[in-house]
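Colleague: Before I plan around this model, could you take me through its fold and its interior?

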Amino acid sequence: LAKAGKYDYSDPDIKNLPLSGKTGTESADIFVVDIDRRMSNEEIDQIIDSLGLVDVDIKELLALGAQHPDIQRKGPIVARDSQWRNSDGRVHVPYLAGSESYRSLNLIRLDGGWYPNGRFACKRK
């Protein structure tokens with residue numbers, strides 16, 4: 001899935017994210033929820049829930065990046081439903097990032113809150 005996105009860089013630890021047991025193809029509308037101030041995960045949860053949405057997983061994030069390669073150039077997009085705990089015990093989630101000339105698939109720590117201009121990939125409940 002990451003290869004289909006043709007990223008200039010992919011964090012090597014992406015392979016540690018668990019994948020669901022589902023196979024085949026699925027269709028889902030993906031929404032990108034933007035925030036305009038520093039927020040905690042709990043605040044993000046409340047916003048997403050109030051919109052009738054849930055976080056997407058790594059497969060859905062990668063499908064979004066492959067189908068809409070320029071979307072991450074406008075700002076990073078996080079998928080909080082796929083999580084990996086590294087050897088120091090910190091939980092990381094995947095995100096797409098980019099600029100005018102560069103696209104990447106990265107991991108970011110889940111703790112500590114989110115900065116303004118954060119964007120979260122979601123789907124309907």
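Modeller: Helices and strands are here DSSP runs, with at least four residues for a helix and at least two for a strand, numbered from the N terminus. Please keep in mind throughout that this is a predicted model.

Colleague: In what pattern do the helices and strands follow along the sequence?

Modeller: The chain has 2 helices and 8 strands. Read from the start of the sequence, these elements follow the pattern β-β-α-β-α-β-β-β-β-β.

Colleague: What radius of gyration does the chain have, and how does that compare with the globule rule?

Modeller: For 125 residues the globule rule gives 14 Å, and the chain comes close to this value, so it is as compact as a globular protein of that length. The radius of gyration of the chain is 14 Å.

Colleague: Which helix gives the most residues to the largest nonpolar core?

Modeller: That core has 16 residues, of which Leu-17, Ile-58, Leu-61, Ile-77, Leu-105 and Ala-121 touch the most other members. Helix H2 (58-67) and strand E7 (103-109) each supply at least two of its residues. The element that gives the most, with 4 residues, is H2.

Colleague: How many residues are in the other core that lies apart from it?

Modeller: Among the members of that other core are Ile-35, Ile-44, Leu-53 and Trp-114. In soluble globular proteins, nonpolar side chains tend to be buried together. The size of this other core is 15 residues.

Colleague: What share of the residues of the chain counts as buried?

Modeller: Buried here means under 20% relative accessible area. Of the 125 residues of the chain, the share that meets this cut-off is 41%.

Technical notes. Residues are numbered from 1 along each chain as its sequence is written. This is a predicted model: local features need pLDDT of at least 70, side-chain atom pairs count only at pLDDT 80 or more; totals for chains, interfaces and linings use all residues. Side-chain values use heavy atoms; hydrogens and water are left out. The radius of gyration is taken over C-alpha atoms; the globule rule is 2.2 Å times the number of residues to the power 0.38. Buried means under 20% relative accessible area, exposed over 50%, partly exposed in between (1.4 Å probe, protein chains only). A nonpolar core is a set of buried Ala, Val, Leu, Ile, Met, Phe, Trp, Tyr and Cys residues joined through side-chain atoms within 4.5 Å.
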